[in-house]
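Thanks for asking for a short tour of this model. Below are some numbered notes to read with the structure open beside you.

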Amino acid sequence: MDHHLATNGTSVELRPTQYVERKAHRNCDAKRKAALIVLNCPIKEPLYLERLYNHASFCICADGGANRLHDLLTSQYEPSDWTKALRSLPPDLIHGDLDSLHDTVRQRYEQIGVEVSQDGDQYSTDFGKCIKKVIERLPDVRDILVLGSIGGRVDQGIGLLHELYREQVHRHPDVRFWLFSEASVSTVLSCGTTVIYTPLGLEWDVVDWESEMGGQVSTSNHIVAERITVTTTKEVLFTVERARALDD
Ligand SMILES: Nc1ncnc2c1ncn2[C@@H]1O[C@H](COP(=O)(O)OP(=O)(O)OP(=O)(O)O)[C@@H](O)[C@H]1O
Ligand SMILES: Cc1ncc(C[n+]2csc(CCO)c2C)c(N)n1
């Protein structure tokens, strides 16, 4: 069963954990195309990155995201083995205004044949620029996996949520955006009914519950069943906490 598509015309089914499940090789011929965007945010778990990478048929680093990828990969090898380290999970493209990309990182990636492209526009973020590239290079993309965070700078964090909402709701309603951060997976749920399959439904379940910023917001809810149904009249951000450890 495809857990993304509307099954009966009225509900969409999602399985937030599918992209962190084990996959031996990179997905280049998947029916439902996915792309990975690596943002300039801390990446601590190599296995998390590898899982997302293997589910994507196109991987793009947003400017300083390439520094993060470089640092994580090289930390796992001897310093002299940096080519081997970088070739283990090579991005297809590094893109952005390139004001954060370190010179050495750029040179090293260029040396192993990774394309680096610059767009100096000062009215769009590197994340926004990368989404455009993904759509250009992978026109049939259905899921965009974003490895990032809303920790750190508040303007960047709120800006990222704003862009996820804009892209999902207004610009690319046929594409689903997933934000994979250190501790959780988030996606914007459209109006109507969404069924979410998780390892575990919600402890604080609500019915006919008005929700808005400054009004009522459900945070820190607990998942206690395998199937959650969310019916909403406005888009909502759904976040599920990740299990502490990924299992093989
Ligand atoms: N603290 C942060 N929180 C959330 N997202 C971030 C943060 N820092 C960077 N990002 C994301 O990573 C992308 C690349 O960031 P980078 O630092 O390389 O460029 P920037 O010039 O600071 O950002 P931008 O050009 O997008 O304003 C940004 O577009 C943003 O989406
Ligand atoms: C009202 C307004 N606020 C901020 C920026 C600046 N800005 C927005 S995106 C971006 C690119 C960052 O790499 C920059 C510098 C602007 N142009 N307009």
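1. Let us begin with a single residue: does Leu98 count as buried, partly exposed or exposed, and how many C-beta neighbours does Leu98 have inside 10 Å? Leu98 has 17 such neighbours, so it counts as partly exposed. A residue needs 20 or more to be buried and 12 or fewer to be exposed. Please keep in mind throughout that this is a predicted model.

2. Leu98 has a second point of interest, its backbone. Its phi is near 65°, which is a positive value in a residue other than glycine. Most residues other than glycine have a negative phi. You will find Leu98 in the loop between S4 and helix H4 (103-111).

3. Asp63 invites a side-by-side look. Asp63 is not a glycine either, and its phi is positive at about 45°. Asp63 sits in the loop between S3 and H2. Here the burial class is another one: Asp63 has 25 C-beta neighbours inside 10 Å and therefore counts as buried.

4. Now step back to the whole chain. The protein chain contains 11 strands and six helices. Of its 248 residues, 29% are buried.

5. Which strands make up the open sheet of eight? Their order is S5-S4-S3-S2-S6-S7-S8-S11, and the pairing is mixed. Strand S5 (115-118) and S11 are the edge strands, each pairing on one side only. On average, neighbouring strands of this sheet are turned by 25° against each other, with direction ignored.

6. It helps to walk through part of that sheet pair by pair. Strand S6 (residues 141-147) runs parallel to S7, and five bridges join them; across this pair, Ile144 stands opposite Phe177 in S7. Strand S7 (residues 176-180) and strand S8 (residues 184-189) run antiparallel and are joined by two bridges. These two strands form a hairpin, with three residues between them. Phe180 has Val185 in S8 as its bridge partner. Finally, S8 pairs with strand S11 (residues 236-241) in the antiparallel sense over six bridges, and Ser184 stands opposite Glu241 in S11.

7. Two helices are worth locating against this sheet. Helix H1 (residues 46-55) lies across strand S2 (33-38), strand S3 (58-62), S6 and S7, and runs at about 165° to S6. Helix H2 (residues 65-74) packs on the sheet too, where it touches S2, S3 and strand S4 (93-96). The direction of H2 makes about 110° with that of S3.

8. There is also an open sheet of three strands, in the order S1-S9-S10, again with mixed pairing. Why is one side of S1 and of S10 left without a neighbour in the sheet? Strand S1 (11-14) and strand S10 (227-232) stand at the edges, and each has a single partner strand, so one side of each stays free of a neighbour there. Neighbouring strands of this sheet are turned by 20° against each other on average, direction ignored. S1 pairs with strand S9 (residues 192-197) in the parallel sense over four bridges, and Ser11 has Thr193 in S9 as its bridge partner.

9. The model comes with ligands, and ligand 1 is a good one to visit. It is surrounded by 22 residues, of which the closest are Asp63, Gly64, Thr125, Phe127 and Gly152. Asp63, the buried loop residue of point 3, is thus back in view. Helix H5 (126-137) and helix H6 (154-171) are the elements that give two or more residues to this shell, and H6 supplies the largest share, three residues. By class, the shell has 11 polar, six nonpolar and five charged residues.

10. Which residues surround ligand 2? They are Asp97, Gln122, Tyr123, Ser124, Thr125 and Asp126. This shell divides into three polar, two charged and one nonpolar residue. Thr125 is listed here, and Thr125 is also among the closest residues to ligand 1.

11. One last note concerns the record. An unreviewed UniProt entry places the feature "domain: Thiamin pyrophosphokinase catalytic" at residues 50-167. In the model, that span is 49% helix and 17% strand, and its end C-alpha atoms lie 25 Å apart.

Notes
Residues are numbered from 1 along each chain as its sequence is written. Chains are lettered from A and ligands numbered from 1 in the order in which they are written. This is a predicted model: local features need pLDDT of at least 70, side-chain atom pairs count only at pLDDT 80 or more; totals for chains, interfaces and linings use all residues. A residue is near a molecule or strand if its C-beta atom, placed from the backbone, lies within 6 Å of it. Ala, Val, Leu, Ile, Met, Phe, Trp, Tyr, Cys and Pro count as nonpolar, Asp, Glu, Lys and Arg as charged, and the others, Gly among them, as polar. Two strands pair if DSSP finds at least two bridges between them. Axes are lines fitted to C-alpha atoms, for helices over the stretch in contact, and angles run from 0 to 180 degrees between N-to-C directions. UniProt positions are given in the numbering used here, feature names are shortened, and annotations may be inferred rather than shown by experiment. Two residues are in contact if their C-beta atoms, placed from the backbone, lie within 7 Å.
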